[in-house]
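This report describes the strand order, the ionic pairs and one surface feature of a single chain. The sequence and the model come before the description.

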Amino acid sequence: MTTPVTVDQLHPRLAEFTVIDVRSPGEYAAGHIPGAHNIPLDRLDEALPTLRAVAEEGGIAVVCASGNRSRTACERLAVAGITALTLIGGTSAWAGDGHLLDKVPGARAVWAMDRQVRLVAGSLVVAGVLADLVLPRTRWISAAVGAGLAFSAVTNTCAMGNLLGRLPHNRPRTAGTSLDATLAGLRG
C-alpha cells in the first residue's frame with residue numbers, strides 16, 4: 001500500500017522511518033533529506049530483499065525531487081508486498097518548507113532529472129527542425145521526441161531520464177553513494 005504524506009506530516013515523524021531517496025546518485029549527492037539512503041529507481045529491484053527486511057522492522061518513506069519517481073517506486077514496492085509512504089513534492093517541497101538538505105562531501109551539484117530531460121528533449125526538437133532546413137525529413141527527429149514525451153506522460157515512465165541517469169555526471173564516484181554501500185548500511 002502506498003500512502004502520500006506532506007512535509008508537515010513526515011518531518012515530526014522522520015525518525016520513525018527509513019528514508020529511501022530514489023533519485024540518481026548525482027541528484028542525491030547534491031542534496032538529500034538527512035538520513036536518507038540512495039537507491040536509484042532504476043536499481044530498486046536489486047534492493048527489494050533488503051527493503052523487505054527494513055519494512056519488517058519499521059516504516060519506509062520514499063522521496064525523489066518532486067514526488068513522481070517516489071510514487072512510481074512505492075507502486076513497485078506495493079507489488080512486492082512492501083508498504084511505503086511517498087513524500088508529496090519530494091525534496092523540493094522539503095527544502096521549500098525551510099528544512100535543510102544534507103550533501104555528500106565533495107559532490108558537485110547536478111541538475112534535477114526533469115530539468116535534464118527538458119534540456120535534451122528541447123535540444124533534440126530544435127536540432128531536428130534546424131537540420132530539416134538542410135536535410136529534408138530530419139524533422140522526424142522532432143516528431144519522435146514529441147511522441148516519446150507523450151508516451152512518457154501516458155505511461156508515467158521516462159526512458160530518457162533512465163538513460164540520462166546512467167551518464168557519468170549523474171553517477172558520482174564519491175564514497176558512500178554506491179548501491180552496495182547503501183544496502184550494507186541498511187542491513188547493519
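## Sheet, salt bridges and a surface patch

In β3, Asn38 is the bridge partner of Asp21. The model is a predicted one.

**The sheet**

Asp21 belongs to strand β2, which spans residues 17-21. On another strand, β4, Asp21 stands opposite Val63. The β2 to β3 pairing is parallel and consists of 2 bridges, while β2 and β4 are joined in the parallel sense over 5 bridges.

These pairings are part of an open sheet of 5 strands, ordered β1-β5-β4-β2-β3, with parallel pairing. The edge positions are taken by β1 (2-5) and β3 (37-38); each has a single partner strand, so one side of each has no neighbour in the sheet. The partner of β1 is β5 (residues 84-87), and the two run parallel with 4 bridges between them. One of the residue pairs here is Thr2 of β1 with Ala84 of β5. Helix α4 (residues 68-79) packs on the sheet and touches β1, β4 (59-63) and β5. The direction of α4 makes about 170 degrees with that of β5.

Strand β2 is mostly covered, with 5 of its 5 residues buried. Phe17, Val19 and Asp21 point one way from the strand, whereas Thr18 and Ile20 point the other way. Residues on both sides of β2 are buried.

**Salt bridges**

Side chains of opposite charge can pair when their charged atoms come close. The model has 8 salt bridges. Three of them are listed below, with the separation of the closest N and O atoms.

| Basic residue | Acidic residue | N to O distance |
|---|---|---|
| Arg23 | Asp21 | 2.8 Å |
| Arg43 | Glu46 | 2.8 Å |
| Arg118 | Asp114 | 3.0 Å |

How covered are the residues of these pairs, buried or exposed? Arg23 and Asp21 are both buried. Asp21 therefore combines several roles in this description: the residue is buried and points the same way from β2 as Phe17 and Val19, has bridge partners in β3 and β4, and forms a salt bridge with Arg23.Arg43 has a relative accessible area of 25% and is partly exposed. Its partner Glu46, at 47%, is also partly exposed.

In the third pair, Arg118 and Asp114 both lie in helix α6, 4 residues apart, or about one turn of the helix. Arg118 is exposed, because its relative accessible area is 54% and the exposed class begins over 50%. Asp114, with 42%, is partly exposed.

**Helix α6 and the nonpolar patch**

Helix α6 covers residues 113-134 and includes Val126. Val126 is partly exposed, at 47% relative accessibility. Together with Leu130, Leu133, Val134 and Leu135, Val126 makes a nonpolar surface patch of about 550 Å².

How far apart are the C-alpha atoms of Arg118 and Leu133? They are separated by 23 Å, with the two residues 15 apart along the chain. Arg118 is the salt-bridge partner of Asp114, and Leu133 is one of the residues of the patch.

Notes. Residues are numbered from 1 along each chain as its sequence is written. This is a predicted model: local features need pLDDT of at least 70, side-chain atom pairs count only at pLDDT 80 or more; totals for chains, interfaces and linings use all residues. Side-chain values use heavy atoms; hydrogens and water are left out. Patches are made of residues with over 30% relative accessible area and no salt bridge: like charges are joined within 9 Å, nonpolar side chains (Val, Leu, Ile, Met, Phe, Trp, Tyr) within 5 Å. Accessible areas come from the Shrake-Rupley method with a 1.4 Å probe; for residues, only the protein chains shown count as cover. A salt bridge is a side-chain nitrogen of Lys or Arg within 4 Å of a carboxyl oxygen of Asp or Glu. Buried means under 20% relative accessible area, exposed over 50%, partly exposed in between (1.4 Å probe, protein chains only). Two strands pair if DSSP finds at least two bridges between them. Contact means heavy atoms within 4.5 Å. Axes are lines fitted to C-alpha atoms, for helices over the stretch in contact, and angles run from 0 to 180 degrees between N-to-C directions.
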